[in-house]
Amino acid sequence: AANYSRSLCPLGWHLPTDAEWTTLTHYLGGGDVAGGKMKETGTTHWQSPNTGADNSSGFTALPGGVRANNGLNGNFVNIGYAGNWHSATESSATGAWFRNLVYSGGIAYRSSYLKHYGYSVRCVRD
């Protein structure tokens, strides 16, 4: 759905590519610290301890978890513990690159997983 022709992003915006996510994390000092600079501070939405979170980038990442349909009946899991954001870049015929932030650290992880998982999206202005 993230790259569906009717796009999840409004006109004038697009789903960022893996390269655009990489540009952002490099700009924020690299993957080892970028997650903390992107995460909302505090524990209103993130589980404690929300390590490294300072939101100095203004991204205000929230931990929406993931909607998984592999025996979980399409339920959301890891809400409060992780945020996952799709990219527009395929890693294989069935996979796509995404970014993952977790409550227990400040790393912005780059990973590839199945496209049918329901991750969050963040639109970028064209």
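Asp18, Arg99 and Arg110 are linked in a network of salt bridges. The model described here is a predicted one. A search of the whole structure finds 3 salt bridges, set out in the table below.

| Salt bridge | Closest N to O distance |
|---|---|
| Arg99 and Asp18 | 2.7 Å |
| Arg110 and Asp18 | 2.8 Å |
| Lys115 and Glu90 | 2.3 Å |

**The network at Asp18**

Asp18 is placed in helix H1, which covers residues 18-27. Its relative accessibility is 9%, so Asp18 counts as buried, the limit for that class being under 20%. Leaving out residues up to four places away in sequence, Asp18 touches Ser87, Thr89, Trp97, Arg99 and Arg110. Both arginines of the network are therefore in this list of contacts.

In one of the salt bridges, Arg99 pairs with Asp18, with the closest N and O atoms 2.7 Å apart. Arg99 belongs to strand S5 (residues 95-102) and Asp18 to helix H1, so this pair ties together parts that lie 81 residues apart in sequence. Arg99 has a relative accessible area of 3% and is therefore buried.

The side chains of Arg110 and Asp18 also meet in a salt bridge, at 2.8 Å from N to O. Here strand S6 (residues 109-114) holds Arg110 while helix H1 holds Asp18, so the pair ties together parts 92 residues apart in sequence. The side chains of Asp18 and Arg110 are likewise joined by a polar contact of 2.8 Å. Arg110 has a relative accessible area of 43% and is partly exposed, whereas Asp18 is buried.

Side chains of opposite charge can pair when their charged atoms come close.

**The salt bridge at Lys115**

Lys115 forms a salt bridge with Glu90, and the closest N and O atoms are 2.3 Å apart. This pair links distant parts of the chain: Lys115 is in the loop between S6 and strand S7 (124-125), Glu90 is in strand S4 (residues 82-90), and the two are 25 residues apart. Lys115 is partly exposed, at a relative accessible area of 31%.

**Strand S5 and its partners**

Strand S5, which carries Arg99, has 7 of its 8 residues buried, so S5 is largely enclosed by the rest of the structure. S4 and S5 run antiparallel and are joined by 6 bridges. Trp85 stands opposite Arg99 in this pairing, and a hairpin through 4 residues connects S4 to S5.

S5 also pairs with S6 in the antiparallel sense, over 6 bridges. In that pairing Asn100 stands opposite Tyr109. The hairpin that joins S5 to S6 passes through 6 residues.

**Nonpolar cores**

The largest nonpolar core has 10 residues: Trp21, Leu28, Ala34, Met38, Trp46, Phe59, Ala61, Trp85, Leu101 and Ala108. Trp85 in this core is the residue that stands opposite Arg99. Apart from the largest core lies another, of 5 residues, among them Val66, Ala68, Phe98 and Tyr117.

Leu28 is a member of the largest core. Setting aside neighbours within four places in sequence, Leu28 is in contact with Val33, Ala34, Lys37, Met38 and Ser57. In soluble globular proteins, nonpolar side chains tend to be buried together.

Technical notes. Residues numbered from 1 in each chain as written. Predicted model: local features only at pLDDT ≥ 70, side-chain atom pairs only at ≥ 80, totals over all residues. Heavy atoms only, no water. Buried < 20%, exposed > 50% of the residue type's maximum accessible area, 1.4 Å probe, protein only. Polar contact = N/O pair within 3.5 Å; in protein donor to acceptor, adjacent residues only side chain to side chain. Contact = heavy atoms within 4.5 Å. Core = buried A, V, L, I, M, F, W, Y, C linked by side-chain atoms within 4.5 Å. Salt bridge = Lys/Arg side-chain N within 4 Å of Asp/Glu carboxyl O. Pairing = 2+ DSSP bridges.
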